[in-house]
Amino acid sequence: MASPAVPQYNGTLGKIYDWVDERAGISEILHELLDEPIPGGTRYAYAFGSALLFIFALQSITGVFLAMYYVPSAEDAHKSVEYIMKEVPFGAFMRGMHHYGSSAMVIMVVLHILQVVIWGAYKQKRELLWLVGAGLLQLVLAFSLSGYLLPWDMKAYYGTVVTVGIASEIPIFGDLIKRIIIGGTELGTITISRFFMVHVFLLPALMAGGIAAHLYLFRKARPAGPFNMTEQEAMFKVEPFWPGQVFKDAVFSLVVFAILAYLSLTTLAPLEPKADPSQTQYVARPEWYFMFLFQLLKYFPGSTAIIGSLVIPGLVMAVITFLPFLDRSPERHPLKRPFVMLGTIALLVAIGTLHLLAKRDDAQNFAAQLKAQEEEGVRFLKEPFEPKDISRKAAVAAPAPEAFVKNCAVCHGENGEGGPAGPKLIGVAKKANRSKEEIAGLIENPSAYGAPKMPPMPQVSAADRIAIAEWIHTLK
């Protein structure tokens with residue numbers, strides 16, 4: 001009997017298909033992939049794994065698109081990302097899909113793990129399948145860490161400084177590990193190059209191999225079926241993977257795609273001004289899914305930091321990784337496995353509580369600074385793109401007047417490149433209402449010239465205001 005998953009063609013098309021099939025074995029491959037029996041029938045609860053595979057494919061496609069424009073160097077990385085966001089057709093959308101896709105991967109892998117834990121699907125000789133899955137979880141987190149630095153904006157730079165600082169807390173080998181990660185003593189082009197290589201070449205290769213091994217082991221172990229059915233009951237309600245489960249997986253993946261597309265179209269992926277190591281007042285924060293770890297570290301200052309950075313997370317990860325060896329009972333019903341389920345709930349509550357405490361601390365202590373940084377990022381994205389000037393004219397630009405260095409550089413940067421508290425001034429002369437006279441007037445009375453958040457500077461003399469305005473007009 002012909003498999004319903006294998007297409008049947010007549011006429012010339014059928015002859016072409018048969019010719020290719022005899023040589024490539026397409027029907028055999030389709031039968032192997034799509035006729036997989038699913039004990040207990042198809043369900044949307046099984047769609048998390050397929051959605052994870054779909055998001056990884058989406059990340060690969062958008063990643064290739066971004067790599068076509070990205071320049072992995074401290075000098076040009078930020079400008080290339082800005083170019084993607086502001087000039088490349090669909091560039092902002094593609095970067096948004098990649099940015100929000102990274103969060104979606106973390107969410108989906110957690111949902112997938114929870115579904116497997118609740119259903120007890122790691123039992124019955126599925127230890128290897130679980131171990132490979134635990135390895136894939138580590139790779140997803142490694143993707144997030146390695147990709148975080150690549151935009152080379154303020155958030156990426158200082159967030160990575162904090163992460164590398166945690167690694168350096170490891171006894172004996174901490175400093176060596178830090179040097180290997182960043183390629184020296186300070187973050188720079190070598191650091192970006194290493195993170196880019198890991199993010200674009202090493203991790204995708206490991207992830208592809210891990211996914212292949214995971215799928216092979218899954219087919220070898222076969223689906224576990226519902227936890228509330230015996231093996232015999234599940235075998236009485238067997239459905240093939242095609243078409244029921246394929247349809248459910250496709251619908252779920254389409255919903256994920258629609259959510260990512262909506263976010264990418266309505267909310268630009270963040271990009272703050274270029275990293276400036278001299279802005280030591282910047283408040284660094286990790287991505288939202290690492291906020292609980294960030295909060296945990298606060299409880300272990302100084303020499304005890306290793307407890308929060310390595311010991312506790314390492315123990316939790318070890319328990320998760322070796323769960324099939326710790327829970328050897330054949331029982332799969334969640335209500336009859338109180339130890340595992342209470343441990344899972346306690347872990348989720350702890351992560352959620354630490355996350356909320358971190359947000360509360362930020363609201364109480366750093367709200368103004370964090371809001372200013374966020375507004376600076378929004379303002380930067382609204383500014384028109386200014387191509388990098390590599391002409392000789394740019395190389396011999398006049399130094400900033402002393403009055404600018406004394407009164408303005410703290411917010412706008414020593415060369416007018418911008419900072420967390422002030423926008424960049426390069427290219428300001430091209431904007432409307434920014435003649436030399438108007439810039440001089442803005443310095444004296446900012447509110448009258450559309451800059452109400454800038455403090456007035458009565459201490460700057462009229463001659464210095466003109467000198468500053470003339471210098472700003474040379475910044476191109």
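These are my notebook entries on one chain, from its overall build to a few chosen residues.

**Entry 1: the whole chain**

I am working with a predicted model. I began with secondary structure and found 21 helices and two strands. Next I took the extent along the principal axes. The C-alpha atoms fill a box of roughly 90 × 65 × 40 Å.

I then looked up burial. Of the 476 residues, 42% count as buried. The accessible surface comes to about 26000 Å². Carbon and sulfur atoms hold 68% of that surface.

For contacts, I kept to pairs with a separation of 6 or more. Residues 24 or more positions apart make up 77% of them.

Charges came last in this round. I have 42 positive and 41 negative charges in the chain. Their mean positions lie 2 Å apart.

**Entry 2: Ile 170**

Where does Ile 170 sit? I placed Ile 170 in the loop between helix H7 (154–167) and helix H8 (174–182). Is Ile 170 buried or partly exposed? Its relative accessibility is 22%, and buried means under 20%, so Ile 170 counts as partly exposed.

I listed its contacts, leaving aside neighbours within four places in sequence. Ile 170 touches Ile 177, Ile 306 and Leu 310. I also checked the distance to Ile 307, which is 137 residues away along the chain. The C-alpha atoms of Ile 170 and Ile 307 are separated by 9.9 Å.

**Entry 3: aromatic pairs**

I counted 17 aromatic pairs. One of them joins Tyr 69 and Tyr 83, with ring centres 6.2 Å apart. The planes meet at 50°, and the pair is tilted. That angle lies between the limits of 30 degrees for stacked and 60 for edge-to-face.

What does this pair tie together? Tyr 69 is in the loop between helix H3 (47–67) and helix H4 (77–86), while Tyr 83 is in helix H4 itself, so the pair ties together parts 14 residues apart in sequence.

I looked up exposure for both rings' residues. Tyr 69 has a relative accessible area of 32% and is partly exposed. Tyr 83 is partly exposed too, with 34%.

I followed the ring pairs outward from here. They link Phe 65, Tyr 69, Tyr 83 and Phe 385 into a cluster.

**Entry 4: charges over rings**

I noted two cases. Lys 248 lies over the face of Tyr 44, 5.7 Å from the ring centre. Arg 285 has its charged end over the ring of Phe 366, at 5.1 Å from the centre.

Conventions:
Residues numbered from 1 in each chain as written. Predicted model: local features only at pLDDT ≥ 70, side-chain atom pairs only at ≥ 80, totals over all residues. Heavy atoms only, no water. Helix = DSSP H or I, 4+ residues; strand = E, 2+ residues; numbered from the N terminus. Buried < 20%, exposed > 50% of the residue type's maximum accessible area, 1.4 Å probe, protein only. Contact = heavy atoms within 4.5 Å. Areas by Shrake-Rupley, 256 points an atom, 1.4 Å probe, with all protein chains shown as cover. Lys, Arg positive; Asp, Glu negative; His and termini not counted. Charge placed at Lys NZ, Arg CZ, Asp CG, Glu CD. Phe/Tyr/Trp six-rings, centres within 6.5 Å; stacked < 30°, edge-to-face > 60°. Lys NZ or Arg CZ within 6 Å of the ring centre and 35° of its normal.
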